[in-house]
Amino acid sequence: MSRAIFDNIQIKPKEYKSEVSPVWCPGCGDYGVLNATYRALSELGIHPKDFVSVSGIGCSSRLPYFVKGYKMHTLHGRAGAVATGTQLANPKLSVMVAGGDGDGFSIGGGHMPHMARKNVDMVYVLMDNGIYGLTKGQSSPTTRKEMPAYITPYGGVEEPLDPVMYMLTYGATYVAQAFAGNPKMCAALIKGAMEHKGFAYVNIFSQCPTFNKIDTAKYYRALVEDLPEDHDPTDMDQAIAVARRPNGKAPVGLIYKEDRYTLCDEMKRLVDLVGGSPDYDKQKIVDAHRP
C-alpha cells in the first residue's frame, strides 16, 4: 500500500472499534480476526480517514461495520472488484477486503486471479470457515468431503480447493496463512500485508461453531504448523512445497513475498508513455475522438 497513508498517529487498538457491536455467534473465529485487524491498524498508525474496508456477503463480510473508517458492503462476490476501483481512484488509501471462502472463491472466484495477476495494491483477508454460515450451513468451496451440510447431508462429492495454492499460482505477491485462535500471528501477518506494496492475501482458518461441526477450533489448532525456521518466503518453489502440506499440516506464517510492479505503477507508466497528465482536459479528449 502507499506509505503516504501511514501517519504514525497514536491510536490504541480499542479506539478503532466503531459504534456497532459485533453480532457473530459466541465462539466464532472472526472475533480473533477483528481484534487482529484493530491491532494491525494501531501498530501502523493508520488514521481511520485513510482506511477503507470492503466486503461482499457473508458472516465475515460484516467485519467492516465494526471498524472505524470508510466501508462498503457490496454485492456477493464483488468486494474485490469494488476494492480495485477504490484503490485505483485514490492510491493513497489503505484498502482491505474482508470476506469468507464462499464469497471469495465461489461467487467471487472469477475476480481472485485478476486481482493477483494485476498486483492491485490492497489487502484481502479471507476468513475460511469451510461453510456458508450466513445462509445456515451449505457446503462451500473449502468444505471437506466428509462434512455433512444442509444440502449435502451425506457429505460432499467435490474435492475442497486450497486458497493458498490458488493464490500462489495466480501470482499474488504476498501470501500468508494463520489460525484465528492465534490473534497475535494474525495481527502480525495483516500488518505485514498492509505494509506490502502489491496484492496481499491472508488466509485465516476461522472456526464456525454453529454450522461446521468438524472444523472446530481444536481441529484447526491440531492442523496448523509453523513454517520451518529456514523457510525462505522469496522462494516460490519452497512456498509451493510447503503449501502442498507434505506432512498433512497446514503451514502458518508468511509463505511467499515478492516485489513487483503494481497495477498503479503500470497505469502511471502507461500515462507517462502517451504523455498524459492527472490534470487532463476532458473536452480535449472528447474532441480528439469525434468522428
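This section describes the sheet of the model, the helices packed on it, and several loop and surface residues. The structure is a predicted model.

The central element described here is an open sheet of eight strands, arranged in the order β2-β1-β3-β4-β6-β5-β8-β7, with mixed pairing. Its edges are formed by β2 and by β7 (224–226), each of which pairs on one side only. From one strand to the next, the twist averages 20 degrees. Helix α2 (residues 79–89) packs on this sheet and touches β1, β2, β3 and β4 (122–128). The direction of α2 makes about 180 degrees with that of β3. Helix α5 (residues 163–170) also packs on the sheet. The strands touched by α5 are β4, β5 (174–179), β6 (199–205) and β8, and its direction makes about 170 degrees with that of β6.

Within the sheet, strand β1 (residues 51–55) is largely enclosed by the rest of the structure, because five of its five residues are buried. The cover extends to both faces of β1: F51, S53 and S55 are buried on one side, and V52 and V54 are buried on the other. Strand β1 pairs with strand β3 (residues 94–100) in the parallel sense, over five bridges. In this pairing, F51 is placed opposite S94 of β3. Strand β1 also runs parallel to strand β2 (residues 70–73), to which it is joined by four bridges. Here V54 has M72 of β2 as its bridge partner.

At the β7 edge, pairing is with strand β8 (residues 250–257), in the parallel sense and over three bridges. Residue V224 stands opposite A250 in β8.

Several loop residues are connected to these elements. T74 is located in the loop between β2 and α2. With a relative accessibility of 15%, T74 falls under the 20% limit and therefore counts as buried. The contacts of T74, leaving aside residues up to four places away in sequence, are V54, S55, G56, I57, A79 and V82. Of these contacts, V54 and S55 have already been described as buried residues on opposite sides of β1. Although T74 and S55 are 19 residues apart along the chain, their C-alpha atoms are separated by 5.9 Å.

S206 occupies the loop between β6 and α7 (217–223). Its relative accessibility is 0%, so S206 counts as buried. Apart from residues up to four places away in sequence, S206 touches G29, D30, M127, D128, N129, A180 and Y220.

T262 belongs to the loop between β8 and α9. This residue is buried, with a relative accessible area of 1%. When residues up to four places away in sequence are not counted, T262 touches K118, N119, D121, K197 and G198.

One of the residues touched by T262, N119, lies in the loop between α4 (112–118) and β4. N119 is itself buried, with a relative accessible area of 0%. Most residues other than glycine have a negative phi. N119, which is not a glycine, has a positive phi of about 55 degrees. A positive phi of about 55 degrees is also found at R245, again not a glycine. R245 is situated in the loop between α8 (236–243) and β8. Its relative accessibility is 27%, so R245 counts as partly exposed, whereas N119 is buried.

Helix α9 (residues 263–273) includes L273. With a relative accessible area of 65%, L273 is above the 50% limit and is therefore exposed. Together with L270 and V274, L273 makes a nonpolar surface patch of about 320 Å².

Key. Residues numbered from 1 in each chain as written. Predicted model: local features only at pLDDT ≥ 70, side-chain atom pairs only at ≥ 80, totals over all residues. Heavy atoms only, no water. Patch = residues over 30% accessible without salt bridge, like charges linked within 9 Å, V, L, I, M, F, W, Y side chains within 5 Å. Areas by Shrake-Rupley, 256 points an atom, 1.4 Å probe, with all protein chains shown as cover. Salt bridge = Lys/Arg side-chain N within 4 Å of Asp/Glu carboxyl O. Helix = DSSP H or I, 4+ residues; strand = E, 2+ residues; numbered from the N terminus. Buried < 20%, exposed > 50% of the residue type's maximum accessible area, 1.4 Å probe, protein only. Pairing = 2+ DSSP bridges. Axes fitted to C-alpha atoms, helices over the stretch in contact; angles between N-to-C directions. Contact = heavy atoms within 4.5 Å.
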